[in-house]
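Open the model in your viewer and keep the sequence panel beside it. The stops below say what to select and what is there.

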Amino acid sequence: MSSPPARVVTDLSTPEAVQAAYAAHGDELYRLSLRALGDQGGAQDAVQETFLRAWRARETYDAGRASLRTWLFQIARHVVVDAHRTRGSRPWLRALADHPTLEEAAPPVPDGWEEQLRRILVEDALRRLGEDHRRALAETYLADRPYPEVAAELGIPESTLRSRVFYGLKALRVVMEEMEVRP
């Protein structure tokens, strides 16, 4: 017997919707925050702060501009940046809070959280493009495959593929601007 399909959360208008959004995206936000901060407690605080800010700003969320997931990740990015700024401006506070062996016990944290967030935003923007443009960009840019190979696989002339990539990039730029994503 299969489990019921997961509820797709599209807003934060009620406490129940926030709970559903947390169930759908909380773990992923936690992993992103943990990689960025390198601290389990800080990551938990970051996720809590993300949902608190999202709840307070729920009236400003526009599903036409970005998915709820993308919007939450943008908020989380700001929360993590704020946490880094706080740590930088108050190093004495970190010394008070951290046990001397914490740094030694913690596994090294890769600094790829910014790249992961950008990848999530691009994936969301790509979903808004037409299939032809999305496939052309995915195969040439993201998979880094040569134009002649992709054109042959798609059964189209190389010039058509180049045109799809050109117009796909233009459309992607517009979508990213609508999502308020800046390079």
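A residue is called buried when its relative accessible area is under 20%, exposed when that area is over 50%, and partly exposed in between, using a 1.4 Å probe and protein chains only. This is a predicted model, in which local features need pLDDT of at least 70 and side-chain atom pairs count only at pLDDT 80 or more, while totals for chains, interfaces and linings use all residues. Residues are numbered from 1 along each chain as its sequence is written, and side-chain values use heavy atoms, with hydrogens and water left out.

**The whole chain**

Start with a cartoon view of everything. The chain has nine helices and zero strands, where helices (H or I, at least four residues) and strands (E, at least two) are DSSP runs numbered from the N terminus. In sequence order the pattern reads α-α-α-α-α-α-α-α-α. Of the 183 residues, 32% count as buried. Contact here means heavy atoms within 4.5 Å. Among the chain's contacts with a separation of 6 or more, 64% are between residues 24 or more positions apart.

**Helix 1**

Select residues 15-37, which form helix 1. This helix has 23 residues, yet its end C-alpha atoms are only 28 Å apart, short of the 33 Å of a straight helix at 1.5 Å a residue; the expected span is 1.5 Å times one less than the number of residues. Where is the kink in helix 1 centred? The kink, of about 55 degrees, is centred on His-25. The bend at a residue is the angle between axes fitted to the seven residues ending there and the seven starting there.

Now colour the buried residues of helix 1, among them Ala-17, Val-18, Leu-29, Leu-32 and Leu-37. Just after the helix comes Gly-38, with a positive phi near 70 degrees.

**His-25 and Tyr-22**

Show the side chain of His-25. This residue counts as buried because its relative accessibility is 11%. Leaving out residues up to four places away in sequence, His-25 touches Arg-69 and Leu-72. His-25 and Arg-69 are 44 residues apart in sequence, but their C-alpha atoms are 6.9 Å apart in space.

Next select Tyr-22, also in helix 1. Tyr-22 has a relative accessible area of 47%, so it is partly exposed. Setting aside neighbours within four places in sequence, Tyr-22 is in contact with Asp-27, Val-47 and Phe-51. A distance label from Tyr-22 to Leu-72, 50 residues apart along the chain, should read 10.0 Å between C-alpha atoms.

**Helices 7 and 8**

Move to residues 131-142 (helix 7) and 147-154 (helix 8), which pack at an angle of about 145 degrees with their axes 10 Å apart. Axes are lines fitted to C-alpha atoms, for helices over the stretch in contact, and angles run from 0 to 180 degrees between N-to-C directions. Which residues make the contact? Helix 7 contributes Arg-135, Glu-139, Thr-140 and Tyr-141, and helix 8 contributes Tyr-147, Val-150, Glu-153 and Leu-154.

Between these helices, select Asp-144 in the loop. Is Asp-144 buried or exposed? Asp-144 is exposed, because its relative accessible area is 66%. Although Asp-144 is not a glycine, its phi is positive, at about 55 degrees.

**Helix 9**

Finish at Glu-177, in helix 9 (residues 158-178). With a relative accessible area of 47%, Glu-177 is partly exposed. Add a distance label from Glu-177 to Ala-125: these residues are 52 apart along the chain, and their C-alpha atoms are separated by 9.8 Å.
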